[in-house]
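Biologist: Please take one part of this model and go through it closely with me, strand by strand, and then show me how it compares with a few other spots. I would like the cut-offs spelled out as we go.

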Amino acid sequence: MAAEEEWLEPEAAAPEDAAGEVVDAVDGEPGDPHLLLGNRLNLHLYPRGCHRLSHLCAQRAPQLLEVEFLQLSGHEDPRLLEATLAQVPANLQHLRSLVLRGGQQQDVLGACSRGFLTTLPTGLSDLARLAHLDLSFNSLETLPACVPQMRGLSTLLLSYNCLSELPDSLGALPSLSFLSVSHNCLRTLPPALGSLSALQRLDLSENLLDTLPPEIGDLSSLTELNLASNQLQGLPISLVGLRSLRFLILHSNLLTSVPSGLAHLPLLARLDLRDNQLRDVPPELLDAPFVRLQGNPLGKALPASHSAPETPVTREMPRLFLNSDLDSFLVTPQGCLVTLGCGVRLRFPAGATADPVNIHYRLRLPEPRLVPLGPHDALLSAVLELRPHGVTFQQEVGLWLLFVPPRARRCREVVVRTLSDDSWSDLETHLEEEAPKRLWAHCQVPHFSWFLVVSRPVSNTCLVPPDGTLLCSSGHPGVKVTFPPGATDEPRRVRMQVVHMAGRELRALLEEPGAAASPLLCLSQRGTSSFLQPVTVQLPLPPGVTGLSLDRTSLHLLYWAPPAAAWDDITAQVALEITHLYARFRVTHFSWSVPPTPPQLPRPAPQRTRVPPTLIQGPRRYWLWHTTKSCVQGLARKAWERLRLHQVNLIALQRRRDPEQVLLQCLPRRKVDATLQRLLDRYRGPEPSDTVEMFEGEKFFAAFEKGIDVDADRPDCVEGRICFVFYSHLKNLKEVYVTTALDRRAQAVRGQVSFYRGAVSEEVPEEAAAARQRKGADPLWMATLPIKLPRLRGSQGPEQGQGASLSLAPLNLGDAETGFLTQSNLLNVAGRLGTDWPAVALHLGMPYRELQCIRHEFRDDLDGQIRCMLFSWAERQAGQPGAVGLLVRALEQSDRLDIAEEVRAILELGRQKYKDSIQRASLAPRDLAPPEPSASQSPESAQT
């Protein structure tokens with residue numbers, strides 16, 4: 001990536017008129033050599049790519065003879081695309097890779113749309129050197145006749161098409177080593193498939209296969225076979241002859257038996273039989289460590305059938321278990337039970353859909369624009385998106401979401417929140433405990449949208465009829481609202497929430513020993529704001545206050561309604577009826593007209609103020625206070641904020657074996673000691689920061705200062721600063737690699753990391769230094785903790801310092817188009833693998849003997865084992881296509897989805913920078929605007 005940017009820099013720095021000449025040449029003379037990047041011709045980045053290629057061919061540009069890699073979009077006009085491809089054999093005679101993928105565009109629901117490609121010109125079979133052909137995400141119903149004639153093909157990708165069968169002629173490809181036909185409509189396979197003697201990887205997942213031909217056992221070189229999410233009921237015995245097989249994926253089928261000989265395949269490292277109909281398996285498989293059998297009815301007897309012989313037996317509902325590399329599944333009218341790899345379960349009852357529907361899902365990291373929280377809500381899960389949005393099911397679908405158990409449960413409840421008709425609402429939710437600290441939130445959903453789990457104050461709702469009713473709080477029995485007959489002429493729904501504030505917090509805030517406050521009452525309604533008859537509201541008197549000893553001049557009824565910024569004292573506008581324990585007042589509406597407050601002397605406005613996170617529009621609030629203070633509106637605002645603030649500490653620790661690896665975390669105050677005790681055997685660093693207060697969903701960032709910088713691009717890194725969003729129940733933790741431009745051979749580098757509130761600004765606020773010395777209201781600066789990079793001894797260099805006794809050669813995995821993983825990125829992956837590294841190594845294809853040698857060589861150094869494994873594999877994969885994708889799949893198959901998601905985000909960041917570099921160098925036309933950030937990107941990553 002750095003080499004590409006270095007090569008492009010002179011073009012980007014060219015004068016304006018020179019850049020204009022290049023653009024004119026592109027538009028007027030597409031034969032301009034600036035379109036060609038080495039031996040690659042990437043026309044899928046340009047509009048009207050077919051026109052550009054046709055013009056290049058017409059110009060007979062000599063550079064075309066050097067092109068080995070060609071990419072075109074499958075969203076071009078089909079006739080124009082076919083005519084353009086017909087010119088390829090005569091003009092690009094050295095072509096080795098041809099990519100004609102669709103999927104670059106999205107439909108109105110945000111799903112990738114298929115390209116328009118339905119066939120290929122027969123002349124493409126003349127490309128004698130073609131080894132890689134990608135036709136994914138198109139509209140192919142049959143395999144083009146020219147494909148089986150491409151004898152040199154080693155990779156053929158046909159995923160996400162409409163193929164219902166494969167021709168027998170496909171077996172005539174002697175060099176084919178990778179064939180992917182996933183997400184199609186295949187019902188049978190041709191026997192000639194067994195003739196592909198060089199085939200190593202075969203992906204047939206997400207089809208409609210119910211049987212396999214016996215000839216599949218003739219694939220002597222096959223190492224990976226994926227048949228997940230089909231309708232297979234049995235397997236041919238010939239599968240036991242696949243002596244080279246390492247991975248056999250058969251989850252989410254209808255298998256009732258499997259051959260016992262699979263246990264004796266010498267190289268088999270994973271046999272995935274999850275979510276089938278297996279009631280009994282051979283003992284050899286039952287005890288094998290590489291077999292996965294979850295989701296099968298093992299040991300259960302067949303259900304007894306009392307129906308007449310001629311009566312058909314109802315088929316058991318299919319079960320699907322999806323790995324994290326799949327983002328969609330098919331639901332038929334038969335219904336199904338689905339378990340997603342991201343901790344979500346779905347139950348589609350029979351008849352929920354009249355026609356087959358393809359469901360897409362994605363679990364998004366929480367960020368303020370995706371998380372609607374009320375003032376007293378807490379987020380307990382990530383955000384789940386299910387598409388297509390708005391599609392109504394004929395029967396409600398069951399949804400189960402994993403969530404973090406809330407710390408406070410008194411007078412609070414857990415609900416699933418969803419977006420419906422452009423507004424957020426809470427669904428009726430039931431909690432199910434699978435194991436200690438493993439809780440599911442279960443609800444029924446009529447359609448798909450966005451879903452998340454939140455903890456909120458207990459909500460009581462009633463429908464007020466014209467005859468009147470009584471609404472009581474289930475958390476605070478003394479809080480009641482009485483609606484008399486005739487209060488409304490049509491039914492109106494009213495909701496009540498009650499929030500309690502500890503008396504000691506209020507007394508500390510007011511600095512008054514006798515101060516007290518009633519529970520905070522929140523009321524909201526649907527319908528007009530005024531009632532036809534007065535409504536009676538009852539609140540308990542503040543603790544320690546009774547009607548007999550009450551000084552009415554010290555009693556204040558406070559009111560707040562959105563979007564007001566302050567509380568109002570409405571004591572003089574209502575008639576308070578005081579009993580021994582309660583205060584009652586009557587209202588005809590839930591809003592008030594408050595006289596203006598007297599003018600105050602002007603105060604100099606601070607340069608910056610702390611802004612709490614955006615909240616969903618809240619209800620009206622009533623609060624009864626007992627205090628000798630005469631003006632309590634401002635104090636009420638502070639007390640209400642105190643209810644929403646969380647006390648936290650910030651920590652910054654460096655790994656003992658690798659000081660360049662820094663752990664940053666924001667912890668609730670009560671968890672600091674236990675967390676440090678767990679971490680200090682691997683990390684060391686300064687004491688935690690002083691206690692600071694943060695709102696739920698508040699943004700903050702960490703800035704490295706005094707010679708310390710972030711070492712690599714990250715999706716959450718903006719201008720060298722790491723972005724955070726605080727959620728009290730989720731892990732606010734990030735590990736980063738840092739570096740320095742200073743010479744560490746002369747002396748150690750003593751830097752620091754500072755934490756600031758708010759989104760990342762263009763530069764650290766100038767008043768931050770002064771803020772560190774004062775205790776002002778809401779300063780942006782929160783804490784500064786020291787970071788020390790030790791002096792490098794002898795001939796030790798920066799690269800050697802990161803690897804301890806390990807010598808790590810600099811390398812990059814991937815390419816400019818798909819994104820790079822740098823050495824620093826790989827170090828970050830290695831630092832987080834921990835004891836899962838052997839599983840990842842096996843899924844990467846490393847032999848078990850090599851793992852044993854690594855364990856012996858670094859027998860007292862876990863970090864050394866991990867790095868030796870990862871970098872020895874990476875050095876062998878350098879320059880190989882698909883290496884990064886293999887690493888992502890290995891992480892997912894080892895259940896390290898957290899690292900896999902981070903790697904994907906890093907790759908996406910690299911791809912975006914590559915496209916931007918092309919446009920900066922004027923290789924793209926000026927009217928081609930950079931792509932808008934997608935919904936999955938955070939605002940911080942969009943700024944990078």
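Modeller: Let's begin with the vocabulary: helices (H or I, at least four residues) and strands (E, at least two) are DSSP runs, numbered from the N terminus. This is a predicted model, so local features need pLDDT of at least 70 and side-chain atom pairs count only at pLDDT 80 or more, while totals for chains, interfaces and linings use all residues. Residues are numbered from 1 along each chain as its sequence is written, and side-chain values use heavy atoms, with hydrogens and water left out.

The part I would pick is strand β44, residues 721-726. Is this strand mostly covered or mostly open? Mostly covered: 6 of its 6 residues are buried, where buried means under 20% relative accessible area, exposed means over 50%, and partly exposed lies in between (1.4 Å probe, protein chains only). The cover extends to both faces of β44, with R721, C723 and V725 buried on one side and I722, F724 and F726 buried on the other.

Now for its partners. Two strands pair if DSSP finds at least two bridges between them. Strand β41 (residues 698-705) runs antiparallel to β44, and 6 bridges join them. Strand β43 (residues 717-718) is also antiparallel to β44, over 2 bridges. I722 is a good residue to click on: in β44, I722 is the bridge partner of A702, and I722 is the bridge partner of C717 as well. Between β43 and β44 the hairpin has 2 residues, and E719 takes a positive phi there, near 55 degrees. As background, strands of a sheet pair through backbone hydrogen bonds, either parallel or antiparallel.

For a wider view of strand pairing, turn to an open sheet of 6 strands in the order β12-β14-β15-β19-β23-β22, with mixed pairing. β12 (319-322) and β22 (430-435) stand at its edges with a single partner strand each, so one side of each is left without a neighbour in the sheet. From one strand to the next the twist averages 20 degrees; for such angles, axes are lines fitted to C-alpha atoms (for helices over the stretch in contact), and angles run from 0 to 180 degrees between N-to-C directions. At the β12 edge, β12 pairs in the parallel sense with strand β14 (residues 336-340) over 4 bridges, and L322 stands opposite L340 in β14.

Two single strand residues are worth a visit too. V494 sits in strand β28 (residues 492-499) and counts as buried, at 0% relative accessibility. What does V494 touch, beyond neighbours within four places in sequence? The contacts (heavy atoms within 4.5 Å) are N460, T461, C462, V464, L471, F483, S524 and Q525. T461 is 33 residues away along the chain, yet its C-alpha atom and that of V494 are separated by 5.8 Å.

The other residue, R655, lies in strand β37 (residues 645-655) and is buried at 7% relative accessibility. Its side chain makes a polar contact with the side chain of Y683 at 3.1 Å. A polar contact is a pair of N or O atoms within 3.5 Å; within protein, one must be able to donate a hydrogen and the other to accept it, and residues adjacent in sequence count only if both atoms are side-chain atoms. Residues up to four places away in sequence aside, R655 touches Q661, R682, Y683, G831 and D863.

For a helix, try α16 (residues 883-893): 8 of its 11 residues are buried, so it is largely enclosed by the rest of the structure. Among the buried ones are V884, L887, V888 and L891. After α16 comes D895, with a positive phi near 65 degrees.

Finally, the charged pairs. A salt bridge is a side-chain nitrogen of Lys or Arg within 4 Å of a carboxyl oxygen of Asp or Glu, and by this rule the count is 19. D272 and R270 form one at 3.3 Å between the closest N and O atoms, and both residues are buried. E577 and R584 meet at 3.8 Å, N to O; E577 is partly exposed at 43%, and R584 is partly exposed at 24%. Salt bridges also link D377, E413, R417, D426 and R456 in a network.
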